[in-house]
Amino acid sequence: MSESDARLMERMRDDDGADEALAELVHRYQDELVGYFYHHCWQQMAAEELAQTVFIKMYQARQRWQQTAKVRTYMYRIAHNAWIDYVRKEARNKQVSLDAERGANGLRLVDTMESKDSEASESSELNIRARIEEAVEQLPEGQQAVFVLANNQNMRYQEISEVLGIPEGTVKSRMHNAVRHLRHALKDLVEQ
Amino acid sequence: MTANLDPLWKAVVEGDTACPDGEALAKLGSLLREQSQCKASDDFAVRVLAAAQSSGDESDLIDAYYDDGDMATVAAADPALGKLRKIARQGAQPPEPVDLLPEVLDNLHRQSSRHPLGDMDKVTRLRVWATVIAGHAAAIITIVILQAQLFKDVELPEASDYVVDRKDPSLYVTISSVEETNNPEQLTQKMSEALDDELPLRWSQLRDRPEALFLLRQNDDLKNLFRKFYGTDTCQATVQASLSWLRYQQQENGAFHKEGEAGAGSRALATHSLALLALLADGYNDYTATSIEKAVKHLRQWVDADGKIVVGSEDVLRDVAHGMAVLALVESAVLLENETLFAEVERIVNVNLPAQRHAIAGLDGYFLLAVETAEVSGMNIHADDLASIRGRARTGIKHKDAGNLGLMALTRYLYGHRDSSALKKQIESLSGLLPRLDDKHRSDPLSWFFPSLAFREAGGKDWRQWNTALQRSLLPCFRYDNVENVAWVKHQQVQYADNDVFATSLVLLNLQAAHRYIPLARSH
């Protein structure tokens, strides 16, 4: 029988079993945590880097963790803060990006290369993924955060409210709006 | 009400034309009232009620579905809700399997090994450093002794059956399958001895030993051993003749082309950087030193006072040239072991890095290699920029051509994801994109560079297959001058090339893949 998350956190506090407990925690949550970040940034490696940051922060703050806090909620609070930091840094860096200078016709060498199988690679699965990505990205940040936690991480409103630090009523209204928007944006996919 | 006394208000609202422009204002008021009328007010009220009703129903369903966990019932009542949940979850699945543990532990280990030093008092810190320096000195002495012994008992295969016949370059394609006749474990063992350590699983493990990354370039014996092992010794004469040709092309000012011959702006920058990279791949030695130093000096002319690389205005090569230039500078800084240059290049990398963060990865892989090399060599690279460019390189690629697939595969090797199923698929896909000339008999070394590096890591049958096809495609492109003993590639035979230095250098980079970097360990 696998150990509870709380027990793992306790073991992480002991010098002897810390690495093993961390390893178990990583194995237990790495997929869903990377999935959480992936749904925000749509880049696997960035998602992996962010997820790593969360585990490292959990490890570093293991002595401060209190047993009353549910580990998963605690982890997602760290994750949410990590994501906010990431977005802020990205926004700052965008100001010095040369992308803007490229312009719509700023072709690069890679663009001029013939991509022999690029058409074939545009399978319907990729198209659907791109549609979802686009639709989710159109959501306001607050709605996106609520939707991802509810839809992908199976969290109830109460838990989401704890993770994001907002009232449950706000979670509810954001969720309603997010679902309505997505249903509309992906109408052909969800109602076929 | 005071409003009633206002002539303007009276004109607009009541249609009183007494005030100046009264008629026009009255008409405006009338027009606005007309247009703001709801044409079917009854329907509107019904619609609002219906919307409120359905909105309430929908909200209840959403709450029941997501918060009450009553999924089956809700999905039966509103299948679209269930479907939305399913496809949104599918869309959030990262494309590749995840294994964070090695990186997490590696990061923690690095952090924990850093912090205690900062907490120590001066005497203890001095003692620690003295021990570290003594340890390094001992390691260097051990390496020197081991290298002296290294090749005594290595059984190299017989000289390959490759025949140098400058009149018929097609004969250059007889590839010796050295790897089959040599013992990979023995080679790995020799490398470990030379390193005084195990082969690294990923580049980050070399962080404190930058010299190890270029060990094969700087050590002629190891370089030759690897050329034989990977079957690139067969084209060594051509590679050396081409390097000679590049040196002949170099001008007094360090440029590898005369003014204007390599095009303008970033095309010239790319040409110069590629030529320098080709020389650097042979190592910084008596043969290349002068050329490299002059070339570096010339390359620095493209760097402005802020450290930013300034390229021509609009040019399709701009970004690739940018990456090539930074890579050439970083490798130069590491190989020349010049502290001033090292510090300057560290600044250049950090200044230019943010510009790459939002680029599509593609062939910006040159920049990625530059950054990773800088990181290994001990340069202080901004962590966020580093994370971002790494992310782009691995997942920001949409085209599945050889260049992009090769870059994705290479990054997985560099980051220690050798066992990744995605990597296996990429190598499989690349095996179906083996080098061959196009309809106009042109090669595509720009696209083949990253796959060549990736296949070198893959080794075995995959490498042999790629290497054979690569040499069959590239070697016939060479022209030879028997008097000067030089070789070069005409740009008409290389895609995307518009001058011979560019074409020759790019082809060379592919043929030097076997000894460019230290190999990574094949198993944990």
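Me: Hi! Where do helices H1 and H2 of chain A meet, and at what angle do they cross?
Reply: Hello! In this predicted model, the axes of H1(A), residues 5–13, and H2(A), residues 18–41, come within 7 Å and cross at roughly 145 degrees.

Me: Is that crossing left-handed or right-handed?
Reply: The crossing of H1(A) and H2(A) is left-handed.

Me: Which residues make the contact?
Reply: From H1(A) there are A:Leu8, A:Arg11 and A:Met12, and from H2(A) there are A:Ala18, A:Ala21, A:Leu22, A:Glu24 and A:Leu25.

Me: And how do those divide into nonpolar, polar and charged?
Reply: Six are nonpolar and two are charged, with no polar residues in the contact of H1(A) with H2(A).

Me: Let's zoom out. How many helices and strands does chain A have?
Reply: Chain A has 12 helices and zero strands. Of its 192 residues, 37% count as buried.

Me: How many of the contacts in chain A join residues far along the sequence, say 24 or more positions apart?
Reply: Taking the contacts with a separation of 6 or more, 61% of those in chain A are between residues 24 or more positions apart.

Me: Now chain B, please. What is it built from?
Reply: Chain B has 25 helices and two strands. It has 524 residues, and buried ones make up 45% of them. For contacts in chain B between residues at least 6 apart in sequence, 68% join residues at least 24 apart.

Me: Can we pick one helix there? What is the reach of H13(B)?
Reply: Helix H13 of chain B covers residues 236–249, which is 14 residues. From its first C-alpha to its last, H13(B) reaches 20 Å, close to the 20 Å expected at 1.5 Å a residue.

Me: Which of its residues are buried?
Reply: In H13(B) the buried residues are B:Thr238, B:Val239, B:Ala241, B:Ser242, B:Leu243, B:Trp245, B:Leu246 and B:Gln249.

Me: Why would residues three or four places apart in a helix point the same way?
Reply: An α-helix has 3.6 residues a turn, so residues at that spacing point the same way.

Me: On to the loops. Which residue between H16 and H17 of chain B should I look at?
Reply: Try B:Glu337, which lies in the loop between helix H16 (318–336) and helix H17 (339–356) of chain B. Its phi is near 50 degrees, a positive value in a residue other than glycine.

Me: Is B:Glu337 buried or exposed?
Reply: B:Glu337 is exposed, because it has 11 other C-beta atoms within 10 Å and the cut-off for exposed is 12 or fewer.

Me: What about B:His441?
Reply: B:His441 is not a glycine, yet it has a positive phi of about 60 degrees. B:His441 sits in the loop between helix H21 (421–431) and helix H22 (445–458) of chain B. With 11 C-beta neighbours inside 10 Å, B:His441 counts as exposed.

Me: Last topic, confidence. What is the mean pLDDT of chain A?
Reply: The mean pLDDT of chain A is 77, and 80% of its residues reach 70 or more. Among its elements, helix H5 (residues 99–102) of chain A has the lowest mean, 29, and helix H10 (residues 157–164) of chain A the highest, 91. Over residues 94–122 of chain A, pLDDT stays under 50.

Me: And in chain B, where is confidence lowest and where is it highest?
Reply: Confidence in chain B is lowest in helix H8 (residues 178–181), at a mean of 40, and highest in helix H24 (residues 500–511), at 95. Residues 151–181 of chain B have pLDDT below 50, and beyond near neighbours in sequence this stretch has 53 contacts in the model.

Me: What ipTM does the predictor give the complex?
Reply: The complex gets an ipTM of 0.75, along with a pTM of 0.53.

Methods. Residues are numbered from 1 along each chain as its sequence is written. Chains are lettered from A and ligands numbered from 1 in the order in which they are written. This is a predicted model: local features need pLDDT of at least 70, side-chain atom pairs count only at pLDDT 80 or more; totals for chains, interfaces and linings use all residues. Axes are lines fitted to C-alpha atoms, for helices over the stretch in contact, and angles run from 0 to 180 degrees between N-to-C directions. Helices (H or I, at least four residues) and strands (E, at least two) are DSSP runs, numbered from the N terminus. A crossing is left-handed if the near helix is turned anticlockwise from the far one by less than a right angle, and right-handed if clockwise. Two residues are in contact if their C-beta atoms, placed from the backbone, lie within 7 Å. Ala, Val, Leu, Ile, Met, Phe, Trp, Tyr, Cys and Pro count as nonpolar, Asp, Glu, Lys and Arg as charged, and the others, Gly among them, as polar. pLDDT is the predictor's confidence in each residue, from 0 to 100. A residue is buried if 20 or more other C-beta atoms lie within 10 Å of its own, exposed if 12 or fewer, and partly exposed in between; C-beta atoms are placed from the backbone. The expected span of a helix is 1.5 Å times one less than its number of residues.
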